[in-house]
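Open your viewer and get ready to select a few residues at a time. We will begin with the whole chain and then step through its parts.

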Amino acid sequence: MENCECPHCCEQTIRPTQKIMAGKWVTILCPDCQGRMCTNPIILALLYFMLTWNIFFFGYMAIRESSIGYAVMMVVGWAIIEFFIYYIPLSRMRALKPKSTENQNREPQDPNNG
Ligand SMILES: [Zn+2]
């Protein structure tokens, strides 16, 4: 698998393992430009809803009907949804504000006066 494009610097810097972690609701950093990004949360939430539904429905049917067919459908559906999660585009996130900056805004101090 080849690297994915960073939405900040448009370079192919995102490793496939980072892209998989982004699909597990983890915020990732670009190793090149240090930009924060995540998988588009609206699409990800929809796919996780489908994934939960898939596991509950086919898991329940597999136990109720004692059928291996439903268990296979659950695993195949899970694999298909994980495949789609990998290809959700990454979204940019704003950089985190350092806490020291927040304190400086509350109590204005001139650094030149010591
Ligand atoms: Zn980048």
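Color by secondary structure and follow the chain: the pattern reads α-β-β-α-α-β-α, made up of 4 helices and 3 strands. Helices here are DSSP runs of H or I with at least four residues, strands are runs of E with at least two, and both are numbered from the N terminus. This is a predicted model, in which local features need pLDDT of at least 70 and side-chain atom pairs count only at pLDDT 80 or more, while totals for chains, interfaces and linings use all residues. Residues are numbered from 1 along each chain as its sequence is written.

**Stop one: the helix pair**

Select residues 41-64, which form helix 2. What distance separates its end C-alpha atoms? They are 34 Å apart, in agreement with the 34 Å expected for 24 residues at 1.5 Å a residue (the expected span is 1.5 Å times one less than the number of residues). Just after helix 2 comes Ser66, with a positive phi near 45°.

Now add helix 3, residues 68-86. The two axes come within 8 Å and cross at roughly 170° (axes are lines fitted to C-alpha atoms over the stretch in contact, with angles from 0 to 180 degrees between N-to-C directions). That makes helix 2 roughly antiparallel to helix 3, a label for angles over 145 degrees. Show side chains where they meet: Leu47, Leu51 and Phe58 are among those from helix 2, and Met74, Trp78 and Ile81 are among those from helix 3. By class, this contact has 16 nonpolar, 3 polar and no charged residues.

**Stop two: the core**

Select Cys6, Ile14, Ala22, Ile28, Met37 and Leu90, the largest nonpolar core. Such a core joins buried Ala, Val, Leu, Ile, Met, Phe, Trp, Tyr and Cys residues through C-beta atoms within 7 Å. Buried means 20 or more other C-beta atoms within 10 Å, exposed means 12 or fewer, and partly exposed lies in between, with C-beta atoms placed from the backbone. Of the 114 residues, 8% count as buried.

Center on Cys6: leaving aside neighbours within four places in sequence, its contacts (C-beta atoms within 7 Å) include Glu11, Cys30 and Cys33.

**Stop three: two loop residues**

Most residues other than glycine have a negative phi. Trp25, in the loop between helix 1 and strand 1, has a positive phi of about 70°. Is Trp25 buried or exposed? It is exposed, because 12 other C-beta atoms lie within 10 Å. Finish at Gln34, in the loop between strand 1 and strand 2, where phi is positive at about 60°.

Conventions: Two residues are in contact if their C-beta atoms, placed from the backbone, lie within 7 Å. Angles under 35 degrees count as roughly parallel, over 145 as roughly antiparallel, 65 to 115 as roughly perpendicular and the rest as oblique. Ala, Val, Leu, Ile, Met, Phe, Trp, Tyr, Cys and Pro count as nonpolar, Asp, Glu, Lys and Arg as charged, and the others, Gly among them, as polar.
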